[in-house]
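Please find below a note on the model under review. The points are set out by topic and may be read in any order.

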Amino acid sequence: MAATKKKAVSQAKKGERIRQVAAIPFRLNAHGGIEVMLVTSRTTRRFIVPKGWPMKGKSGRKAATIEALEEAGVLGKTLKQPAGTYSYWKRLANRFVRVDVVVFLLEVTEELADWQEAKRRQRAWLAPADAAMLIDEPDLSTLVNTLKLPGPAPLEQA
């Protein structure tokens, strides 16, 4: 994954837009309402969704599923079609770069008590409107706040 990040940073230095993938982990509560999981970022501790760089040889959907496991400790079924996109300014060592993020919904089937980044992140289940208020990126906030699950088509394993 480091090679992919280096490539992205190189693209950013040339003024090119760079891409990431993200997952919005979700579940239905006892009343059938949607809840989404947010995690804190490692450095600024802001609430975000699990996201990362594309992974060589893996689809965006699969990479988003892996990021959700690493950053939020959740397993589940990732929908094939992206839920949407958003852009944000990423802080690099000596500059900010614009990043376009493709977002996938992940229906959580298992929440791990211990996971790779458990000591560096907190996670929280929230109603979409509450989650949207905690997210700093306006486009992601809107995406979460207006989250709609697809119709009766079955979810598919990533």
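The numbered points below address the nonpolar cores, the salt bridges, the aromatic residues and some individual polar positions.

1. Status of the model. The structure is a predicted model. The remarks that follow should be read with that in mind.

2. The main nonpolar core. The largest nonpolar core comprises 25 residues, and I24 and V36 have the most contacts inside it. At least two residues of this core come from each of β1 (18–28), β2 (34–40), β6 (84–91), β7 (96–111) and α4 (138–145). The largest share is that of β7, which supplies five residues. As a matter of general background, nonpolar side chains tend to be buried together in soluble globular proteins.

3. Surroundings of I24. Which residues are in contact with I24 once its neighbours within four places in sequence are left aside? They are V36, V49, V103, F104, L105, L106, L143, V144 and L147. V36 thus appears both as a contact of I24 and, with I24, as a residue with the most contacts inside the largest core.

4. The second core. A separate core of 17 residues is also present, and A23, V39, A68 and L106 are among its members. L106 is in addition one of the contacts listed for I24.

5. Salt bridges, and the pair R46 and D136. The model contains eight salt bridges. In one of them R46 is paired with D136, with 3.7 Å between the closest N and O atoms. R46 belongs to the loop between β2 and β3 (47–48), and D136 to the loop between α3 (128–134) and α4; the bridge therefore ties together parts that are 90 residues apart in sequence. The two partners fall in separate accessibility classes: R46 is partly exposed, with a relative accessible area of 28%, whereas D136 is exposed, at 51%. The cut-off matters for D136, because exposed means over 50% relative accessible area.

6. The pair E111 and R123. A salt bridge joins E111 to R123, and its closest N and O atoms are 3.7 Å apart. E111 lies in strand β7 and R123 in strand β8 (residues 123–126); the pair links distant parts of the chain, twelve residues apart. E111 is partly exposed at 35% relative accessibility, and R123 is likewise partly exposed, at 24%. Both residues also belong to a network of salt bridges that links R27, E35, E111 and R123.

7. The pair R121 and E117. How far apart are the closest N and O atoms of the salt bridge between R121 and E117? The separation is 2.4 Å. Both partners are buried: R121 has a relative accessible area of 7%, and E117 has a relative accessibility of 5%.

8. Aromatic residues. The model has one aromatic pair. The ring centres of Y86 and Y88 are 6.1 Å apart and the ring planes lie at 35°, so the pair counts as tilted. The class follows because planes under 30 degrees apart would count as stacked and those over 60 as edge-to-face. Y86 is buried at 3% relative accessibility, and Y88 is buried with a relative accessible area of 6%. Y88 has a further partner in K51, whose charged end sits over the Y88 ring at 4.8 Å from the ring centre.

9. The contact between T65 and T78. T65 is part of helix α2 (residues 60–72), while T78 is part of strand β5 (residues 74–78). The side chains of T65 and T78 are joined by a polar contact of 2.6 Å. Are these residues buried or exposed? T65 is buried, at 13% relative accessibility, and T78 is buried as well, at 1%.

10. Position of Q81. Q81 is located in the loop between β5 and β6. This residue is exposed, with a relative accessible area of 61%. The C-alpha atoms of Q81 and L105 are 8.4 Å apart in space, although 24 residues separate the two positions in sequence. L105 is itself in contact with I24.

How values were computed: Residues numbered from 1 in each chain as written. Predicted model: local features only at pLDDT ≥ 70, side-chain atom pairs only at ≥ 80, totals over all residues. Heavy atoms only, no water. Core = buried A, V, L, I, M, F, W, Y, C linked by side-chain atoms within 4.5 Å. Buried < 20%, exposed > 50% of the residue type's maximum accessible area, 1.4 Å probe, protein only. Helix = DSSP H or I, 4+ residues; strand = E, 2+ residues; numbered from the N terminus. Contact = heavy atoms within 4.5 Å. Polar contact = N/O pair within 3.5 Å; in protein donor to acceptor, adjacent residues only side chain to side chain. Salt bridge = Lys/Arg side-chain N within 4 Å of Asp/Glu carboxyl O. Phe/Tyr/Trp six-rings, centres within 6.5 Å; stacked < 30°, edge-to-face > 60°. Lys NZ or Arg CZ within 6 Å of the ring centre and 35° of its normal.
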